[in-house]
Amino acid sequence: MAHRKVALGLLVAGLVTVMATAGMAFAQGAPGGGGGRGGRGNMMANIQTQLGATDEEWNVLQPKVQKVMDLNREMMTGRFGGRGGRGGGGGGGGGGAPAATTDIGDKTKALSDALDNKDSDPKDIATKLAAVRDARERVRGELVKAQAELKEVLTPRQEARLVLAGLLD
């Protein structure tokens with residue numbers, strides 16, 4: 001069991017590093033540097049700059065980009081032991097308000113809690129595992145649809161930028 005926790009910790013650390021590196025690389029390409037202090041608004045402005053989108057184009061692109069980002073973040077929820085809220089980490093801060101949870105996060109936490117209880121019924125674990133897989137499959141389908149809808153309104157250059165940023169496959 002200890003080896004699994006170490007392996008999971010290493011996997012999580014690797015994923016966080018890759019996501020942070022990709023985000024910083026994407027943000028640094030924008031004029032004015034890497035941002036980071038302006039939060040989501042600054043990140044979205046950097047994406048708009050990277051895509052070379054006019055304000056008119058961005059009015060169409062922004063909600064589609066945001067939806068893909070939110071679904072990607074939701075897919076990551078639960079990859080961190082089911083303890084995170086929406087986004088699975090990286091936010092939070094000093095407000096003290098709990099992060100909004102997701103269906104995947106809730107189901108992953110329930111599975112994790114069952115695994116932490118050495119007396120859990122194997123049937124209960126199997127049911128909770130199936131629920132996690134079902135939730136992930138549902139969100140994966142939503143993500144594929146959202147990515148397709150975003151691709152429909154992108155130029156090839158913009159699509160390539162978002163592939164390199166990890167928002168599109």
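## Where two helices cross

Let's start with one pair of helices: α4 passes α5 in a left-handed crossing. Keep in mind that this is a predicted model.

Helix α4 covers residues 103-116, and helix α5 covers residues 122-151. The two pack at an angle of about 160°, and their axes lie 9 Å apart. Angles over 145 degrees count as roughly antiparallel, so α4 is roughly antiparallel to α5.

## Who touches whom

On the α4 side, the residues that meet α5 are D103, I104, K107, T108, A110, L111, A114 and L115. Across from them, α5 brings in D124, I125, K128, L129, A131, V132, A135, R136, R138 and V139.

What mix of residues makes up the contact of α4 with α5? Eleven are nonpolar, six are charged and one is polar.

## The chain as a whole

Now let's step back from that pair. The protein chain has six helices and zero strands. Read from the N terminus on, its elements simply go α-α-α-α-α-α.

How do contacts spread along the sequence? Take the contacts in the protein chain between residues at least 6 apart in sequence: 55% of these join residues at least 24 apart.

## Inside and outside

The protein chain has 169 residues, and 29% of them count as buried. As for the outside, the accessible surface of the protein chain comes to about 10500 Å². Carbon and sulfur atoms account for 57% of that surface.

Technical notes:
Residues numbered from 1 in each chain as written. Predicted model: local features only at pLDDT ≥ 70, side-chain atom pairs only at ≥ 80, totals over all residues. Heavy atoms only, no water. Axes fitted to C-alpha atoms, helices over the stretch in contact; angles between N-to-C directions. Helix = DSSP H or I, 4+ residues; strand = E, 2+ residues; numbered from the N terminus. Parallel < 35°, antiparallel > 145°, perpendicular 65-115°, else oblique. Left-handed = near helix turned anticlockwise from the far one by under 90°. Contact = heavy atoms within 4.5 Å. Nonpolar A, V, L, I, M, F, W, Y, C, P; charged D, E, K, R; others polar. Buried < 20%, exposed > 50% of the residue type's maximum accessible area, 1.4 Å probe, protein only. Areas by Shrake-Rupley, 256 points an atom, 1.4 Å probe, with all protein chains shown as cover.
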